[in-house]
Amino acid sequence: MMKLWGGRFSKQTHKLMEEFNSSLSFDKRLYSYDIKGSIAHVKMLSRTGVLSKSEAETIIKGLQEIKEEIDEGIISLEGRYEDIHSLVEKNLIDKVGAVGGKLHTARSRNDQVALDTRLYLRDEIFNIQELLIIFLKTLLELGEKYKKVVMPGYTHLQRAQPVSMGHHLLAYYFKLKRDYDRLNDNMKRVNVLPLGCGALAGTTFPIDREWVARELGFEKIALNSIDGVSDRDYIIEFMGIAASIMVHLSRFSAELILWSSSEFSFIELDDSFTTGSSIMPQKKNPDVAELVRGKSGRIFGNLVQLLSLLKGLPLAYNKDMQEDKEALFDTIDNLKIILEIFPPMLKTMKVNKDRLYRAANRGFVNATDLADYLARKGVPFREAHGMVGKAVLYALEKDKELNQITIEEWNQLFPDYGDIFDKGLSEILDVNTSLNNRKSSGGPAPEEVERVISIEREWIES
Ligand code: ARG
């Protein structure tokens, strides 16, 4: 095993110990960040006079070559190294000789690994935010496209009041927009430089951490060396946001699955985002949505793993913390593919407008409109509520919808209310009228949805 230590050991490491201890198989993905961080570190050491200019130049040139050779596969990321940091440093010393051993002056792998992870996560947060913007734009387009497609809105999975498919889809826009904002906030905590905290107690060398922070684009530096190397909250926070995104997409998926069942038939997912059955020829299964719902479990699990990992750890670094990376990488890899696959699945789905219209016309979705109608005519709302309840019972008995009850029947049902039930009633009971009348701010009326979409379009373009 190529180790960065060994002086105080008189025996070889056990083969099993080497295997068990090594993180190279997963931290190899950090190589470019590791090298970028090392280059900034060496430049700083030369500026402050810890290394000579020529020593720094040799090391930097060596590191740049190693980066290219890894990119091109000339240096393989396999092998008996303890981790990616050891691989880079050993290759550097092989390349430039003993001077390569000066790279690690005033540094520990503890601040180095924290730096690498932050550089990596910073890039991935940007990538995820970009994917979220595409997702949000797709939802705005669909909101626009389906803003007049009336459907029953639900509470308790019981038909409640009319909404539009556009309005319903835009509910997810706002959930995901909050996640986007959460990532902006998370970035404030990610974008802090840990390098210079050393193993835990800083260094005796004259380093310039502010310079390194500027060089690497960090907004701040960690101001307590023990915190700097033991802090993983920025990962917990990120994984919490990932969990929030997954709660949203899992609920979305659950709806798509329900809506594409024969029982609902509100939508049909495209062939390109569904699968068949090996035995039942008629099947078309919503696997993408099901997998997203399923993968939410592992992304929550990754968060819980990290919380459990950290809860009993004394400060500062403990090897346990090496276990933070696979959970983080798994969350990021899965989140990215999920955010990429969801929008085209939505764009290609067919919305069954007739079926939605029919569903909106059954199940007394307009009952509140009738109560509102009576309330507008002066009946106290609570009394109007009772009257409509009675009318619903009557309609159920007669196997009718509210708009099939005649004026004569209304007058029979409520003889004490004069001519309160007039021709205006049938207009009010139309589900499209009901949708159009729901113009309150944030409501489902197409004109209000349109207004909200234009506000959000401006936000997205800025
Ligand atoms: N592979 C280690 C990790 O991921 C790097 C830090 C090692 N530090 C140490 N003191 N052994 O955490």
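## Helix packing and backbone geometry in a predicted model

In this predicted model, helices H3 and H4 run roughly antiparallel to each other, because their axes cross at roughly 170° and angles over 145 degrees count as roughly antiparallel. The two helices span residues 31–47 and residues 53–71 respectively, and their axes come within 9 Å. Two packed helices are described by the angle between their axes and the distance between the axes.

On the H3 side, the contact is made by Tyr31, Ser32, Ile35, Ser38, Ile39, Val42, Lys43, Leu45 and Ser46, and these residues meet Lys53, Ala56, Ile59, Ile60, Leu63, Ile66, Lys67 and Ile70 on the H4 side. The residues of this contact divide into 11 nonpolar, 3 polar and 3 charged.

Ile70, which lies in helix H4, gives a closer view of this region. Is Ile70 buried or exposed? With 20 C-beta neighbours inside 10 Å, Ile70 counts as buried, because the cut-off for that class is 20 or more. Once its neighbours within four places in sequence are left aside, Ile70 is in contact with Tyr31, Ile75 and Leu77. The C-alpha atoms of Ile70 and Ser32 are separated by 8.8 Å, although the two residues are 38 residues apart along the chain.

Helix H5 also packs in this part of the chain, since its buried residues pack against helix H2 (24–27), H3, H4 and H6. Those buried residues are Ile84, His85, Ser86, Leu87, Val88, Glu89, Asn91, Leu92 and Val96. H5 has 13 residues, and its span of 18 Å from first to last C-alpha is close to the 18 Å expected at 1.5 Å a residue. The residue that follows H5 is Gly97, whose phi is positive, near 85°.

Helix H15 (residues 381–398) can be described in the like manner: it has 18 residues and reaches 25 Å from its first C-alpha to its last, close to the 26 Å expected at 1.5 Å a residue. Which residues of H15 are buried? They are Ala384, Val388 and Ala391, and because they cover an arc of only 55° around the axis, they sit on the same side of H15. On the other side of H15, the exposed residues are Arg382, Glu383, Lys390, Leu393, Leu396 and Glu397. The buried residues of H15 pack against helix H14 (367–376) and helix H16 (407–413).

One residue of H16 is Glu409, and with 16 C-beta neighbours inside 10 Å, Glu409 counts as partly exposed. The C-alpha atoms of Glu409 and Val229, which are 180 residues apart along the chain, are separated by 77 Å.

In helix H13 (residues 353–360), the buried residues are Leu356, Ala359 and Ala360. Seen down the axis of H13, these buried residues fall within an arc of 100°, so they line one face of the helix. Their packing partners are strand E1 (150–155), strand E2 (158–164), helix H7 (165–190) and helix H18 (431–437).

The backbone itself has some features that deserve attention when the torsions are inspected. Most residues other than glycine have a negative phi, and most peptide bonds are trans. Against that background, the table collects residues with a positive phi.

| Residue | Phi | Place in the chain |
|---|---|---|
| Ala106 | about 65° | loop between helix H5 (84–96) and helix H6 (109–145) |
| Ser265 | about 50° | loop between helix H10 (233–259) and strand E5 (267–268) |
| Asp399 | near 55° | follows H15 |

Neither burial class is shared by the two loop residues of the table: Ala106 is buried, with 21 other C-beta atoms within 10 Å, whereas Ser265, with 14 C-beta neighbours inside 10 Å, counts as partly exposed.

Where is the cis peptide bond that involves Ala316? It runs from Leu315 to Ala316, with omega near 5°. Ala316 is found in the loop between helix H11 (287–311) and helix H12 (324–348).

Note on methods: Residues are numbered from 1 along each chain as its sequence is written. This is a predicted model: local features need pLDDT of at least 70, side-chain atom pairs count only at pLDDT 80 or more; totals for chains, interfaces and linings use all residues. Helices (H or I, at least four residues) and strands (E, at least two) are DSSP runs, numbered from the N terminus. The expected span of a helix is 1.5 Å times one less than its number of residues. A residue is buried if 20 or more other C-beta atoms lie within 10 Å of its own, exposed if 12 or fewer, and partly exposed in between; C-beta atoms are placed from the backbone. The arc is that of the directions from the helix axis to the C-beta atoms. Two residues are in contact if their C-beta atoms, placed from the backbone, lie within 7 Å. Axes are lines fitted to C-alpha atoms, for helices over the stretch in contact, and angles run from 0 to 180 degrees between N-to-C directions. Angles under 35 degrees count as roughly parallel, over 145 as roughly antiparallel, 65 to 115 as roughly perpendicular and the rest as oblique. Ala, Val, Leu, Ile, Met, Phe, Trp, Tyr, Cys and Pro count as nonpolar, Asp, Glu, Lys and Arg as charged, and the others, Gly among them, as polar.
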